[in-house]
Amino acid sequence: MPDLFWTPHSGYHWDRTKRRFFEGWYFRLTLPESGESFAFMYSIDDPAGQSALSSGAAQILGPGKQYLYRVFPAVNQFWAWSHRLGLGHWGTAVEPLARYLSPDRFFERVHQGYQATATRHQGCVQDAATGAIARWDYAVEPVYGWGAPASPPLPTAGWLSYLPIFEPGWQVLMAHGLATGWAEWQDQRYEFAQAPTYAEKNWGGAFPERWFWVQCNGFTQEPDLTITAVGGRRQALSQSETVGLIGLHFQGQFIALISLNADMTWQVEPWGTWHVSAQDHRYRIILQGKTDEKPVPVRVPTFNGLKFECWDTTQGHLQIQVWQRSPSRPETLVLEATSNLAGLEVGGSGWHQPWQFP
């Protein structure tokens, strides 16, 4: 895979100061044949070690909506590359130094921990409270970063994301990739070849006040399709603003509709339904997400550390329609697809009532 794939913001953002800081990574593995999914969530809080919040953690939302959580309190056992995607954290290890290990030595040197790059993901984590164990090792073939495949990858939040304006920063690292390897959840082993995978990250000193998120690259009839949509109320300098985005990759095409330069609306319930649409002069995209399942609470970074302020499913139903627009002819439906393996999420505060925008 050419170096072109290393997306903007792939590297670790900590500037080594002692200000409040977190960075979080999300890797999703979808297994269409079994209808299951693994969502790996890693985070590091106050890596300078200056506060009571200084710690790392791994969370996994696994098969059967089961949840695993492990704290890695030693921040000096966390490592990350500054200019491209690479990170890991040791809990218990024979390896004395926190650094990238040759994949064929990882499991003999690390007994609790993980490491991830753009092309390999390995780990072994046990939940300290429940005793549940997960192990995994798979290679990744990146397909789409963020942007048109023939062009350099783009920052998801635009060029202003390089300036200290927005809290938090957010980047889709890999909108679509193909994973080959294995994952174990308790006594169940899953082996897979070219399974859909996805990766994103966030960083900064604050999390959004409120947000929703929709992600899917597990469309059986359209295996090349990947969609990410988000709406959030974030800090911009000293003020709060509401922004949203729908990004879609399909057969070498990239469509991104952002509330700052497109007409975007959403109606998201506290749980169960997500209706999101956006249009500009070229396209109109409609997303409808739904789930009848109870949400799984997961921890997210807050000013006071990791807290249960997010609710998730990786088995939501999602329908997408893409219409092509032209002033000289009627709209044309160019894509319609559904999946029962969508990631659907709400988080933050204010979810005692629906969220309508604008």
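This is a short walk through the structure, with a selection to make at each stop.

Before you start, note that the model is predicted, with local features needing pLDDT of at least 70 and side-chain atom pairs counting only at pLDDT 80 or more, while totals for chains, interfaces and linings use all residues. Residues are numbered from 1 along each chain as its sequence is written, and side-chain values use heavy atoms, with hydrogens and water left out.

**Stop 1: the sheet**

Show the strands (DSSP runs of E, at least two residues, numbered from the N terminus). An open sheet of 11 strands runs in the order β4-β3-β2-β1-β12-β11-β9-β8-β7-β6-β5, with antiparallel pairing; two strands pair if DSSP finds at least two bridges between them. At the edges you will find β4 and β5 (78-80), each pairing on one side only. From one strand to the next the twist averages 20°, taken between axes that are lines fitted to C-alpha atoms, with angles running from 0 to 180 degrees between N-to-C directions. Over at the β4 edge, six bridges join this strand to β3, and Q59 stands opposite Y69 in β4.

**Stop 2: strand β1**

Now select residues 22-31, which make up β1. Which strands flank β1? On one side, eight bridges tie β1 to the antiparallel β12; 10 bridges join β1 to β2, also antiparallel. Pick E23 to see both pairings: its bridge partner in β12 is W203, and its partner in β2 is I44. The hairpin of β1 and β2 has four residues between the strands, and G35 in the turn has a positive phi of about 70°.

Is β1 buried or exposed? Because 10 of its 10 residues are buried, β1 is largely enclosed by the rest of the structure; buried means under 20% relative accessible area, exposed over 50%, and partly exposed in between (1.4 Å probe, protein chains only). In a regular strand, side chains alternate between the two faces of the sheet. Here both faces are covered, with F22, G24, Y26, R28 and T30 on one side and E23, W25, F27, L29 and L31 on the other.

**Stop 3: the cores**

Next, select W25, F27, F38, Y42, L87 and W136, which touch the most other members of the largest nonpolar core, a group of 38 residues. Such a core is a set of buried Ala, Val, Leu, Ile, Met, Phe, Trp, Tyr and Cys residues joined through side-chain atoms within 4.5 Å. Centre on Y42: beyond its neighbours within four places in sequence, its contacts (heavy atoms within 4.5 Å) include W25, F27, L87, Y114, H121 and W136. Apart from this core lies another, of 32 residues, among them L248, V276, I285 and L335.

**Stop 4: the salt bridges**

Finally, look for charged pairs. A salt bridge here is a side-chain nitrogen of Lys or Arg within 4 Å of a carboxyl oxygen of Asp or Glu, and the count comes to 15. Select R20 and D46, whose closest N and O atoms are 3.1 Å apart. This pair links distant parts of the chain, from the segment before β1 to the loop between β2 and β3, and both residues are buried.

Move on to E184 and R189, which meet at 2.6 Å, N to O. E184 counts as buried at 18% relative accessibility, whereas R189, at 38%, counts as partly exposed. For a last pair, try E209 and R233 at 3.2 Å, N to O. E209 sits in the loop between β12 and β13 (210-216), and R233 lies in strand β14. Add R135 and E191 to E184 and R189, and you have one network joined by salt bridges that share partners.
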